[in-house]
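Colleague: Please take a close look at one part of this model, starting from a single polar contact between side chains, and then place that part within the rest of the chain.

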Amino acid sequence: MEPQVFTVTPDANGQRLDIFLVSSLADLSRSRIQRLITDGHVQLERCAAKANVVVKTGDSVSVNLPPPRPA
């Protein structure tokens, strides 16, 4: 599956990475997004992707959603 790539817009400047992704990936919960960040499925172009890192206008955020685990 191709990663989803988002560019931080001026209105999202200064937000935490996890909050930015909650608004970009509305179908995922904040805890799921935080787990994706922790598990290394989120890349931020200018620094290590951690939930509390602050995004800046123009940053590129790449999210690779792994396939769902069998129940």
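Modeller: In this predicted model, the side chains of Ser29 and Ser31 make a polar contact at 3.2 Å. Ser29 sits in the loop that links helix 1 (17-24) to helix 2, and helix 2 covers residues 30-38. With a relative accessible area of 37%, Ser29 is partly exposed; the cut-offs behind that word are under 20% for buried and over 50% for exposed. From Ser29 to Asp18 is 11 residues along the chain, and their C-alpha atoms are separated by 9.9 Å.

The loop at the other end of helix 2, between helix 2 and strand 2, holds His41. His41 has a relative accessible area of 22% and is therefore partly exposed. Leaving aside neighbours within four places in sequence, His41 is in contact with Leu36, Ser62, Val63, Asn64 and Pro66. One of these partners, Ser62, belongs to strand 3. Ser62 has 17% relative accessibility, so Ser62 counts as buried. Not counting residues up to four places away in sequence, Ser62 touches Pro3, Gln4 and Val5, as well as His41, Val42 and Gln43.

The separation of His41 from Lys56 gives another reference: 15 residues in sequence and 20 Å in space, C-alpha to C-alpha. Lys56 in turn leads to Asp59, since the backbone nitrogen of Lys56 lies 2.9 Å from a polar atom of the Asp59 side chain. Asp59 is in the loop between strand 2 (42-44) and strand 3 (60-63). The relative accessible area of Asp59 is 5%, so this residue is buried. Beyond residues up to four places away in sequence, Asp59 touches two sets of residues: Phe6, Thr7 and Val8, and also Leu44, Glu45 and Arg46.

Val54 is found in the loop between strand 2 and strand 3. At 39% relative accessibility, Val54 counts as partly exposed. The contacts of Val54, neighbours within four places aside, are with Gly14, Gln15, Arg16 and Arg46. Arg46 is also among the residues touched by Asp59. Val54 and Leu17 are 37 residues apart along the chain, with their C-alpha atoms separated by 5.9 Å.

As for the chain that holds these residues, there are two helices and three strands, in the order β-α-α-β-β from the N terminus. The radius of gyration is 12 Å, close to the 11 Å that the globule rule gives for 71 residues, so the chain is as compact as a globular protein of that length. The C-alpha trace spans about 40 × 20 × 15 Å along its principal axes.

Of the 71 residues, 32% count as buried; Asp59 and Ser62 are among them. Among contacts between residues at least 6 apart in sequence, 53% join residues at least 24 apart. The exposed area of the chain is about 4,500 Å², of which carbon and sulfur atoms supply 52%. There are 8 positive and 7 negative side chains, and the centres of these two sets lie 9 Å apart.

How values were computed: Residues are numbered from 1 along each chain as its sequence is written. This is a predicted model: local features need pLDDT of at least 70, side-chain atom pairs count only at pLDDT 80 or more; totals for chains, interfaces and linings use all residues. Side-chain values use heavy atoms; hydrogens and water are left out. Helices (H or I, at least four residues) and strands (E, at least two) are DSSP runs, numbered from the N terminus. The radius of gyration is taken over C-alpha atoms; the globule rule is 2.2 Å times the number of residues to the power 0.38. Buried means under 20% relative accessible area, exposed over 50%, partly exposed in between (1.4 Å probe, protein chains only). Contact means heavy atoms within 4.5 Å. Accessible areas come from the Shrake-Rupley method with a 1.4 Å probe; for residues, only the protein chains shown count as cover. Lys and Arg count as positive and Asp and Glu as negative; His and the chain ends are not counted. The place of a charge is taken as NZ of Lys, CZ of Arg, CG of Asp or CD of Glu. A polar contact is a pair of N or O atoms within 3.5 Å; within protein, one must be able to donate a hydrogen and the other to accept it, and residues adjacent in sequence count only if both atoms are side-chain atoms.
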